[in-house]
Amino acid sequence: GRLKVLGTQQALKNKFGKGYTLNLILNGNRIEQVLEYVKSQIHIEAEITFMQGKNVRMMIPYKGLILKRVFNALISDVASSNAGIQQWVLSQSSLEDVFISVAQDEL
């Protein structure tokens, strides 16, 4: 088979990407609190995609996401005190994620 896509990296990410990836390092094992916090303050459809020790990776859909709200929620004192978020990184879907998504849709 042949897979063909056309567009800039950003256009492909916008069209085929699933959303943003939020990587968190927590103070202790507060998975329940952090999931509740992210769903209530950032996006109701956020989901955990990876957990190992104090590291948590979440997928946050593009649809309905307001970046200002994300940053305000993550830098607030409540994020560290109630949810136990020590460090965070927010990133777009990678181009590799986009190609994997497109390839899975073709199967």
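**Exercise 1. Find the residue in strand 3 that is the bridge partner of Gly19, and place this bridge in the sheet.**

In strand 3, Gly19 has Pro61 as its bridge partner. The model is a predicted one, in which local features need pLDDT of at least 70 and side-chain atom pairs count only at pLDDT 80 or more, while totals for chains, interfaces and linings use all residues. Residues are numbered from 1 along each chain as its sequence is written, and side-chain values use heavy atoms, with hydrogens and water left out.

Step 1: strand 1 (residues 19–26) and strand 3 (residues 55–61) run antiparallel and are joined by 7 bridges. Here strands are DSSP runs of E with at least two residues, helices are runs of H or I with at least four, and both are numbered from the N terminus; two strands pair if DSSP finds at least two bridges between them.

Step 2: the open sheet has 4 strands in the order 2-3-1-4, with antiparallel pairing. Its edge strands, strand 2 (47–52) and strand 4 (85–92), each pair on one side only.

**Exercise 2. Describe how strand 2 and strand 3 are connected.**

Step 1: these two strands pair in the antiparallel sense over 5 bridges, and Met51 has Val56 in strand 3 as its bridge partner.

Step 2: strand 2 and strand 3 form a hairpin with 2 residues between them, and Gly53 in the turn has a positive phi of about 60 degrees.

**Exercise 3. Identify which elements supply the largest nonpolar core.**

Step 1: a nonpolar core is a set of buried Ala, Val, Leu, Ile, Met, Phe, Trp, Tyr and Cys residues joined through side-chain atoms within 4.5 Å, where buried means under 20% relative accessible area, exposed over 50% and partly exposed in between, with a 1.4 Å probe and protein chains only.

Step 2: the largest such core has 21 residues, and Leu22, Leu24, Val38, Ile42 and Ile85 have the most contacts inside it. At least two residues of this core come from each of strand 1, helix 2 (31–41), strand 3, helix 3 (67–75) and strand 4.

**Exercise 4. Classify the ring pair of Tyr20 and Tyr62.**

Step 1: rings of Phe, Tyr and Trp (its six-membered ring) pair if their centres lie within 6.5 Å, and planes under 30 degrees apart count as stacked, over 60 as edge-to-face and the rest as tilted. This rule gives 2 aromatic pairs.

Step 2: the ring centres of Tyr20 and Tyr62 are 5.1 Å apart and the planes stand at 85 degrees, so the pair is edge-to-face. Tyr20 lies in strand 1 and Tyr62 in the loop between strand 3 and helix 3, 42 residues apart.

Step 3: Tyr20 counts as buried because its relative accessibility is 15%, whereas Tyr62, at 21%, counts as partly exposed.
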